[in-house]
Amino acid sequence: MHFYGAHVQAGKVSDDLFNLDKTPGRGFFFASGTTGELALHCADWLERVLCRPVVRSEWPTGKRVLASWEFADTEEGLVSDLLVSANAPPPARRIQIRP
């Protein structure tokens with residue numbers, strides 16, 4: 001979330017500079033109003049994000065298990081082990097983390 005005094009923007013970070021992906025279909029939102037109204041908008045947005053289902057995918061590799069986490073409803077990646085490549089085979093195991 002980025003707070004600018006009279007308005008707020010929230011969404012997925014798109015780069016290392018914390019710029020937001022402003023695509024509405026990818027969770028971006030913009031609101032303006034009083035500080036109290038903005039706080040309520042942000043709380044609603046954050047609750048929607050936190051309620052989304054999350055899965056952990058695992059790839060066993062001998063002594064180590066590589067893993068990635070993603071939203072289960074869109075398969076949008078959240079974080080992954082640096083060694084998980086984009087063309088990796090399907091995971092050996094997918095574990096529902098949330099809800």
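Modeller: A polar contact is a pair of N or O atoms within 3.5 Å; within protein, one atom must be able to donate a hydrogen and the other to accept it. The model here is predicted, and R52 is a place to apply the idea.

Colleague: With which side chain does the side chain of R52 make a polar contact?

Modeller: The partner is the side chain of T74, at 3.1 Å. That distance falls within the 3.5 Å cut-off, so the pair counts as a polar contact.

Colleague: Where along the chain does R52 lie, and which residues does R52 touch, not counting those up to four places away in sequence?

Modeller: R52 sits in the loop that runs from helix 1 (35–50) to strand 4 (54–61). With residues up to four places away set aside, R52 touches F71, D73, T74, E76 and R98. T74 therefore appears both as a contact of R52 and as its polar partner.

Colleague: Now the cysteines. How many disulfides does a search of the whole structure find?

Modeller: The search gives 0. C42 is in no disulfide, and the nearest cysteine sulfur, that of C51, is 16 Å away. C51 is likewise in no disulfide, with the sulfur of C42 as its nearest at 16 Å. A disulfide needs the two sulfur atoms within 2.5 Å, so this pair does not qualify.

Colleague: Are C42 and C51 buried or exposed?

Modeller: C42 has a relative accessible area of 11% and is buried. C51, at 51%, is exposed. The cut-offs are under 20% for buried and over 50% for exposed, which is why the two cysteines get opposite labels.

Colleague: Which residues make up the largest nonpolar core?

Modeller: The general idea is that in soluble globular proteins, nonpolar side chains tend to be buried together. Here the largest nonpolar core has 7 residues: V8, A10, F29, A31, L38, C42 and W45. Strand 2 (7–10), strand 3 (29–32) and helix 1 each give two or more residues to this core. Helix 1 supplies the largest share, 3 residues.

Colleague: Take W45 from that list. What is W45 in contact with, leaving aside its neighbours within four places in sequence?

Modeller: W45 is in contact with M1, A10, G11, G27 and F29. Two of these names, A10 and F29, are also in the list of core residues.

Colleague: On to sheets. In what order do the strands of the 3-strand sheet lie?

Modeller: As a general point, strands of a sheet pair through backbone hydrogen bonds, either parallel or antiparallel. This sheet is open, its order is 1-2-3, and the pairing is antiparallel. Strand 1 (2–3) and strand 3 are the edge strands, each pairing on one side only. Helix 1 packs on the sheet and touches strand 1, strand 2 and strand 3; the direction of helix 1 makes about 160° with that of strand 3.

Colleague: How many bridges join strand 1 to strand 2, and which residues stand opposite each other?

Modeller: Strand 1 and strand 2 are paired over 2 bridges. H2 is opposite Q9, and F3 is opposite V8. The two strands form a hairpin with 3 residues between them, and G5 in the turn has a positive phi of about 90°. On the other pairing, strand 2 and strand 3 run antiparallel over 4 bridges, with F30 as the strand 3 bridge partner of Q9.

Colleague: What is the order of the 4-strand sheet?

Modeller: The order is 6-5-4-7, again an open sheet with antiparallel pairing. Strand 6 (77–80) and strand 7 (93–98) are at the edges, each pairing on one side only. Neighbouring strands are turned by 25° against each other on average, direction ignored. Strand 5 and strand 6 are joined by 3 bridges; in one case E70 has G77 as its bridge partner in strand 6.

Colleague: Which strand holds A67, and is A67 buried or exposed?

Modeller: A67 belongs to strand 5 (residues 64–71). Its relative accessible area is 4%, so A67 is buried. Beyond its neighbours within four places in sequence, A67 is in contact with R56, S57, W59, S80, D81 and V84. A67 and V49 are 18 residues apart along the chain, and their C-alpha atoms are separated by 21 Å.

Key: Residues numbered from 1 in each chain as written. Predicted model: local features only at pLDDT ≥ 70, side-chain atom pairs only at ≥ 80, totals over all residues. Heavy atoms only, no water. Contact = heavy atoms within 4.5 Å. Buried < 20%, exposed > 50% of the residue type's maximum accessible area, 1.4 Å probe, protein only. Core = buried A, V, L, I, M, F, W, Y, C linked by side-chain atoms within 4.5 Å. Pairing = 2+ DSSP bridges. Axes fitted to C-alpha atoms, helices over the stretch in contact; angles between N-to-C directions.
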